[in-house]
Amino acid sequence: MSMFYQPLTAEEAIAYLARENTMACAGGTDLYVNRKHGKFLDKDYVSLDKLQELKQVTKKADGWHVGSMVNFACAEKLEIPGAACLAMAAAEVGAPQIRNRGTVGGNIVSASPAADSVPALMALDAKVMLRSVSGERVVPLTDFMKGPGKTDLKPGELMTEIIVPEGKGSSVFSKAGKRNALAIAVCSQAVYLETENGKITEIRVALGSVAPTAVRAYRAEALLKGTEEKALTCAEFKAALKAALLEDISPIDDVRATKEYRQTVAFRMLMHNLSVLWKEETVC
Amino acid sequence: MLNIQLTVNGELHTILIDPAETLLHVLREKLGLTGTKEGCGEGDCGACTILVNGKSVNSCIYPAIQADGCEILTVEGVEKNPKLARIQQAFVDHGAVQCGFCSPGMIMATCALLDENPTPTDEEIRRGLSGNLCRCTGYQAMVDAVKSLI
Ligand code: FES
Ligand code: FES
């Protein structure tokens, strides 16, 4: 039968995680569904629930350090400059009951291609901090995500913090699902935008549910950088942008939607998100 | 096996649990509090909603061990808790109960919603109850019941 350790400090948690056959349990909203389906039943669990130090949000020189155990009910109220997309994504997670338990760190480590917070954090250029008995490392989130259910988390490692750089631009998150609450995204998207003199100076677009992990749309970003708003109304530019975006993503048909539907939604979302952000940028 | 302490509806219990047991299982099988229902058993339907330290959670995916030392409110708390009793009465008055299977969860979700936001808009009510599925009523009766409490 599984053991369930309840450490009170991250230090202690790391020591438990160094043992054979252990895994971390954050809010349990994913682990306990997996257990119901017969997965991870032979593991010993290290509960992160009592680690107050991982529930803090603090501003440091390199950005905002969001503890991995910050739950979505708290994340949806975060007011990090330039990071509205994170709060918006958190508000879209599950339903109140899930947001009270599900955590940002848990959402990342479970590595569902449809995780809501991951595209938001990718668009913000977030990094994750990982600690183990042998030390600490910081990995860009884009490198950390490896595939469905797969990350670069090494045995014995604990994700302690997510580092969100503070931006001077604006960001937005959208999600399309079959219903508003508790729906797994058919396509989700976060966009971070900075403009200067009517031109895009910085843009990061990240999408969920359209590839094995959340992905950055680097080709679309490259096309958008340096453009003016009116370019977005030009049919030729739009066609090139759509082509670039569709190269960035690799959606599949599944029970929730077809590949074509996801492609269409991904592009429309991009146009929509850009127009929303453009308005915000020019107002302030 | 290990012992945990839970204060359930104001009463302190020391309970012997299996390490990975769910809070729902503890409530129903160890404490005999079968008002809390199991629908999906995986966090989708809200039938198992209870409050832990005042926050609504799905007890079917809540490791009981993580609730050690916590205050728990279940639908059985209606006997002693006038706020819950009012919500229950509003549900009855508005015909928001048909088969009743979702009702304990709905009532607990309503309790959490009104604690956090005593004057929710229609939109906020629907969002507050979005984690609770009902296969009978079509939801309008519940929204009306909640509105009558504002
Ligand atoms: S039984 Fe817990 S959410 Fe359905
Ligand atoms: S009254 Fe039957 S499920 Fe809601």
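**Figure 1. Strand S3 of chain A, covered on both faces.** In this predicted model, strand S3 (residues 44-47) of chain A has A:Asp44 and A:Val46 buried on one side, and A:Tyr45 and A:Ser47 buried on the other. Buried means under 20% relative accessible area, exposed over 50%, and partly exposed in between (1.4 Å probe, protein chains only). Helices (H or I, at least four residues) and strands (E, at least two) are DSSP runs, numbered from the N terminus. Strand S1 (residues 4-5) of chain A runs parallel to S3(A) and is joined to it by two bridges; A:Phe4 has A:Tyr45 as its bridge partner in S3(A). Strand S2 (residues 22-25) of chain A also pairs with S3(A) in the parallel sense, over four bridges, and here A:Thr22 is partnered by A:Asp44. Two strands are taken to pair if DSSP finds at least two bridges between them.

Residues are numbered from 1 along each chain as its sequence is written, and chains are lettered from A and ligands numbered from 1 in the order in which they are written. Because the model is predicted, local features need pLDDT of at least 70 and side-chain atom pairs count only at pLDDT 80 or more, while totals for chains, interfaces and linings use all residues; side-chain values use heavy atoms, with hydrogens and water left out.

**Figure 2. The five-stranded open sheet of chain A.** The strand order is S4-S5-S10-S6-S7, with antiparallel pairing. Strand S4 (57-60) and strand S7 (135-140) of chain A are at the edges with a single partner strand each, so one side of each has no neighbour in the sheet. On average, neighbouring strands of this sheet are turned by 25 degrees against each other, direction ignored. Axes are lines fitted to C-alpha atoms, for helices over the stretch in contact, and angles run from 0 to 180 degrees between N-to-C directions.

**Figure 3. Bridge partners within the five-stranded sheet.** Strand S5 (residues 63-67) of chain A and strand S10 (residues 158-164) of chain A run antiparallel and are joined by four bridges. A:His65 has A:Ile163 as its partner in S10(A). S10(A) is also joined to S6(A), by five antiparallel bridges, with A:Met159 of S10(A) as the partner of A:Leu130. Six bridges link strand S6 (residues 127-132) of chain A to S7(A), again antiparallel. A:Lys127 is partnered there by A:Pro140 of S7(A). The connection from S6(A) to S7(A) is a hairpin through two residues.

**Figure 4. The four-stranded open sheet of chain A and helix H4.** The strands follow the order S11-S12-S13-S14, with antiparallel pairing. Strand S11 (170-176) and strand S14 (215-216) of chain A are the edge strands, each pairing on one side only. Nine bridges join strand S12 (residues 187-196) of chain A to strand S13 (residues 199-208) of chain A in the antiparallel sense; A:Gln189 has A:Leu207 as its bridge partner in S13(A). Helix H4 (residues 84-92) of chain A lies across S11 and S12 of chain A and runs at about 25 degrees to S11(A).

**Figure 5. The interface between chain A and chain B.** The contact takes 33 residues from chain A and 31 residues from chain B, where contact means heavy atoms within 4.5 Å. About 2300 Å² is buried between the chains, of which carbon and sulfur atoms give 52%. Buried area is the accessible area (1.4 Å probe) that two parts lose on being put together, summed over both. The count between chain A and chain B is one salt bridge, that is, a side-chain nitrogen of Lys or Arg within 4 Å of a carboxyl oxygen of Asp or Glu. The side chains of B:Arg127 and A:Glu76 meet in a salt bridge at 2.8 Å, N to O.

**Figure 6. Surroundings of B:Ser56.** B:Ser56 lies in strand S4 (residues 55-58) of chain B and, at 4% relative accessibility, counts as buried. Neighbours within four places in sequence left aside, B:Ser56 is in contact with A:Pro96, A:Gln97, A:Asn100, B:Thr49, B:Ile50, B:Leu51 and B:Ala112.

**Figure 7. Helix H5 of chain B.** In helix H5 (residues 140-147) of chain B, the buried residues include B:Ala141, B:Met142, B:Val143, B:Ala145 and B:Val146. The buried residues of H5(B) pack against helix H2 (82-93), helix H3 (103-116) and helix H4 (122-128) of chain B.
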